[in-house]
Amino acid sequence: MEKETFRKFGYRFIDWVADYMDELEKLPVLSQVKPGEIRSKLPQNPPIQAETMEKLFLDFKKIILPGITHWQHPSWFAYFPANNSPPSILAELLTAGLGAQCMIWQTSPAAAELEEVVLEWLRQMLGLPEGMEGVIQDTASTATLVALLTAREKATNFEANQKGLKKTLVVYASEETHSSIEKGVKIAGYGRENLCYIPTDDSFAMVPSKLEEAVKRDKKRGLKPACVVATLGTTSSTAIDPLAAIGKICRSQNIWLHVDAAFAGTAAILPEKKWMLEGAENMDSFVFNPHKWMLTNFDCSAYFVKDPGMLIRTFEIHPEYLKTGQDSQVKNFRDWGVQLGRRFRALKLWFVIRSYGVEGLQKIVREHIRLAQMFKEWVKKHEAFELMAPVELSLVCFRLNDGRNEEALEDLNRRLLESLNQTGKVFLTHTTLKGKYVLRMAIASRTTEEFYVQEAWKLITKKAAELLK
Ligand SMILES: Cc1ncc(COP(=O)(O)O)c(C=O)c1O
């Protein structure tokens, strides 16, 4: 590509992104294409001759864009968000321009040292225990896998790394835990049957006495409890597992405590939400995703450990070609996780935290929580709707309930969800809570304002009335 073309399209793309952000709300939030539709518009063979950027850009708009589900849309209420923000986008551009592969300190000292500094900022912002040290992983799933592997090594005194797993180790998590725990347990060699699901209470949080019972029962059976995964903000309903009580059990039984706060962790920047972390001193590891609620482009997951030595001993490997003269003085993050090659992710976090300031981020998170509380009150007041879980943060679980039996209610709410999402005006998703089908309204997009929540509620009540007619 000619330098001039690069420059010209660089400016045009930024203009396009800025316009996209302005006009995003007019696009259908959920892509309306049918399976195979995009593929059918793409050539089956690669181009032999070079194509122009003009043509590529045109095809991007014509073919790709209709197949995009718009995660940054103000009426995004599905799953949890994957927020970006202007400073984060600009930092990603710089990262791409630098094209640095930051596997060890020497391969970009600034990337390694900035990562140390911004992770320490995050530790302070959330109020995690002093001394915990952080590293950026791609996702919470990876961070949890890293925690499970480290817990495995601790429980076997680093024998599993050498000889393979000889003992039966058990992992505990609530029945509301995220599916990434099961995936991690499978990959880390524990075996799926050795993941013990602990019952939850009426608020869908783990019951510590049930955890204690399970640990004691397993010990009697000659099994070794190795890891407990507590969740702050479960995926289905943002339930908060009681960390203090769970932590006490882990300490007394010498079990690794990993805390998955993938979405909810960001809320700990608010003084009024710090209670979630009561008992944090007993955590061995903690993960949350700035790529969810902290306006940092996907992917960026912040993983903290109490004892980095344990983590490094689990992952370190010393091929000759990676040895450097500075190894004893620096952090080589290649030893802090699975991957060797690493993206320069700290830059976008640095840009986000500096651009918004802690107060700016707090304001956004607090507003989302206010909007969710407002929505919760509308649900509670409406005779046809039922609130299905406490609203701890900014997710409301609810359903339409006109008194028909459970099976019919599931069908009714499925149809409500489909009719809402088909409009392209909003995107919500569902889950089940104690076997009941519920709709999830996750209000945490940077672009969502009160107006969009009001419009969503109008649409929900209108579609519900049509279904009940
Ligand atoms: C509680 C929880 N843990 C883990 C994850 C997985 O996150 P990631 O996509 O970063 O692996 C999610 C995703 O929503 C989640 O809600």
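In this predicted model, T231 has D260 of strand β6 as its bridge partner, and this pair belongs to the junction of strand β5, residues 224-231, with strand β6, residues 256-260, where five bridges join two strands that run parallel. Across β5 and β6 lies helix α10, formed by residues 243-253, whose direction makes an angle of about 165° with that of β5. The loop between β5 and α10 contains T238, a residue other than glycine whose phi is nonetheless positive, near 55°. T238 counts as buried because 27 C-beta neighbours lie inside 10 Å, where 20 or more are required for that class.

Both β5 and β6 belong to an open sheet of seven strands with mixed pairing, in which the order is β2-β8-β7-β6-β5-β3-β4. The edges of this sheet are taken by β2, residues 133-137, and β4, residues 195-198, and because each of these has a single partner strand, one side of each remains without a neighbour in the sheet. From one strand to the next, the twist averages 20°.

Several loops around this sheet deserve a closer look. On the way from α8, residues 179-187, to β4, the connecting loop includes G191, which is partly exposed, with 14 other C-beta atoms within 10 Å. G191 and R415 are 224 residues apart along the chain, and their C-alpha atoms are separated by 38 Å. In the loop between β4 and α9, the latter made of residues 208-220, lies F204, which has a positive phi of about 70° although it is not a glycine. F204 counts as buried, since 24 C-beta neighbours lie inside 10 Å and the class begins at 20. A further backbone feature is found at the peptide bond from F298 to D299, which is cis, with omega near 5°; D299 has its place in the loop between α11, residues 290-293, and β8, residues 301-305.

A second open sheet, also described by mixed pairing, is built from five strands in the order β1-β11-β12-β10-β9. Here β1, residues 76-77, and β9, residues 385-387, stand at the edges with a single partner strand each, so that one side of each is left without a neighbour in the sheet. Within this sheet, strand β10, residues 395-400, pairs with strand β12, residues 436-442, in the antiparallel sense over four bridges, and in β12 the bridge partner of F398 is L439. Helix α13, which comprises residues 346-381, lies across β9, β10 and β12 and runs at about 20° to β10.

Turning to the ligand, 14 residues surround it, of which T139, A140, S141, H178 and A262 come nearest. By class, the shell is made up of nine polar, four nonpolar and one charged residues.

For the protein chain as a whole, the inventory is 15 helices and 12 strands. The radius of gyration is 24 Å, close to the 23 Å that the globule rule gives for 469 residues, and the chain is therefore as compact as a globular protein of that length. Its C-alpha trace spans about 65 × 60 × 45 Å along the principal axes, and buried residues make up 43% of the 469 residues. Among contacts in the protein chain with a separation of 6 or more, 74% are accounted for by residues 24 or more positions apart.

Note on methods. Residues are numbered from 1 along each chain as its sequence is written. This is a predicted model: local features need pLDDT of at least 70, side-chain atom pairs count only at pLDDT 80 or more; totals for chains, interfaces and linings use all residues. A residue is near a molecule or strand if its C-beta atom, placed from the backbone, lies within 6 Å of it. Ala, Val, Leu, Ile, Met, Phe, Trp, Tyr, Cys and Pro count as nonpolar, Asp, Glu, Lys and Arg as charged, and the others, Gly among them, as polar. Two strands pair if DSSP finds at least two bridges between them. Axes are lines fitted to C-alpha atoms, for helices over the stretch in contact, and angles run from 0 to 180 degrees between N-to-C directions. Two residues are in contact if their C-beta atoms, placed from the backbone, lie within 7 Å. The radius of gyration is taken over C-alpha atoms; the globule rule is 2.2 Å times the number of residues to the power 0.38. A residue is buried if 20 or more other C-beta atoms lie within 10 Å of its own, exposed if 12 or fewer, and partly exposed in between; C-beta atoms are placed from the backbone.
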